[in-house]
Amino acid sequence: MLDALTVTVSVAALALAAWCGYAAFRDQPTKDWHFIGMAVVSVLALAQLVIGIVRLARGEKPDEGAVIFVSYLVGAFAAVPAAGFLSLGERTRWGSVTVSAGAVVLAVLEVRLHDIWGG
């Protein structure tokens, strides 16, 4: 995988987690600006998904198997949008907590993706 993209996605996810965590601390639900941040992080995760699949199609192989790698790629792509969707149903501070947790999950998945690829 591309180490720079993995680090970028991780940093962006942790920044989103801190931002939404601060909103939850201030007793605020997710707002439009948070959804823009979620979109940015999701686009980065989508880029990683596409690059990962292209590298697999070119014949490169992860150390721990392609099925596990693709599963983690899809999970990483879905983590923040799923949390954002759940936050729409919970228009209290707990919606912000949900997005913050989803972003932390994405950062952890990025570390695991790096390990699966052979980093």
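## Core, patch and salt bridges in a predicted four-helix model

Thr 6 is buried, with a relative accessible area of 6%. The model described here is predicted. Thr 6 is part of helix H1. Its side chain is in polar contact with the side chain of Gln 48, at 3.3 Å. The value of 6% falls below the limit of 20%, so Thr 6 counts as buried.

**The nonpolar core**

In soluble globular proteins, nonpolar side chains tend to be buried together. In this model the largest nonpolar core has 24 residues, and those that touch the most other members are Leu 16, Val 41, Phe 69, Val 80 and Leu 106. At least two residues of this core come from each of helix H1 (3–25), helix H2 (32–57), helix H3 (66–89) and helix H4 (93–117). H4 supplies the largest share, 8 residues.

Which residues does Leu 106 contact, leaving aside its neighbours within four places in sequence? The partners are Val 9, Ala 13, Val 41, Ala 76, Ala 79 and Val 80. Two of these partners, Val 41 and Val 80, are also listed among the core residues that touch the most other members.

**A nonpolar patch on the surface**

Nonpolar residues also appear on the surface. Trp 19, Trp 33, Ile 36 and Val 40 form a nonpolar patch there, and together they have about 460 Å² of accessible area. The helix that gives the most to this patch is H2, with 3 residues.

Two of the patch members can be described further. Ile 36 lies in helix H2 and is partly exposed, with a relative accessible area of 47%. Trp 33 is also placed in helix H2, and at 62% relative accessibility Trp 33 counts as exposed. The limit for exposed is over 50%, which is why Trp 33 at 62% is called exposed and Ile 36 at 47% is called partly exposed. Between Trp 33 and Ala 17 there are 13 Å in space, C-alpha to C-alpha, and the two are 16 residues apart in sequence.

**Salt bridges**

Side chains of opposite charge can pair when their charged atoms come close. The model has 3 salt bridges. The table gives each pair with its N to O distance.

| Residue with N | Residue with O | Distance, N to O |
|---|---|---|
| Arg 55 | Glu 60 | 3.2 Å |
| Arg 58 | Glu 60 | 3.1 Å |
| Arg 112 | Glu 64 | 2.8 Å |

What does the pair of Arg 112 and Glu 64 tie together? Arg 112 lies in helix H4 and Glu 64 lies in the loop between H2 and H3, so this salt bridge ties together parts that are 48 residues apart in sequence. Both ends are partly exposed: Arg 112 has a relative accessible area of 28%, and Glu 64 has 37%.

Arg 55, Arg 58 and Glu 60 are joined into one network by salt bridges that share partners. Is each member of this network buried, partly exposed or exposed? Arg 55 counts as buried, at 17% relative accessibility. Glu 60 is partly exposed, with a relative accessible area of 26%. Arg 58 is exposed, with a relative accessible area of 59%. Buried means under 20% and exposed means over 50%, so the network has one member in each class: Arg 55 at 17%, Glu 60 at 26% and Arg 58 at 59%.

Notes
Residues are numbered from 1 along each chain as its sequence is written. This is a predicted model: local features need pLDDT of at least 70, side-chain atom pairs count only at pLDDT 80 or more; totals for chains, interfaces and linings use all residues. Side-chain values use heavy atoms; hydrogens and water are left out. A nonpolar core is a set of buried Ala, Val, Leu, Ile, Met, Phe, Trp, Tyr and Cys residues joined through side-chain atoms within 4.5 Å. Buried means under 20% relative accessible area, exposed over 50%, partly exposed in between (1.4 Å probe, protein chains only). Contact means heavy atoms within 4.5 Å. A polar contact is a pair of N or O atoms within 3.5 Å; within protein, one must be able to donate a hydrogen and the other to accept it, and residues adjacent in sequence count only if both atoms are side-chain atoms. Patches are made of residues with over 30% relative accessible area and no salt bridge: like charges are joined within 9 Å, nonpolar side chains (Val, Leu, Ile, Met, Phe, Trp, Tyr) within 5 Å. Accessible areas come from the Shrake-Rupley method with a 1.4 Å probe; for residues, only the protein chains shown count as cover. A salt bridge is a side-chain nitrogen of Lys or Arg within 4 Å of a carboxyl oxygen of Asp or Glu.
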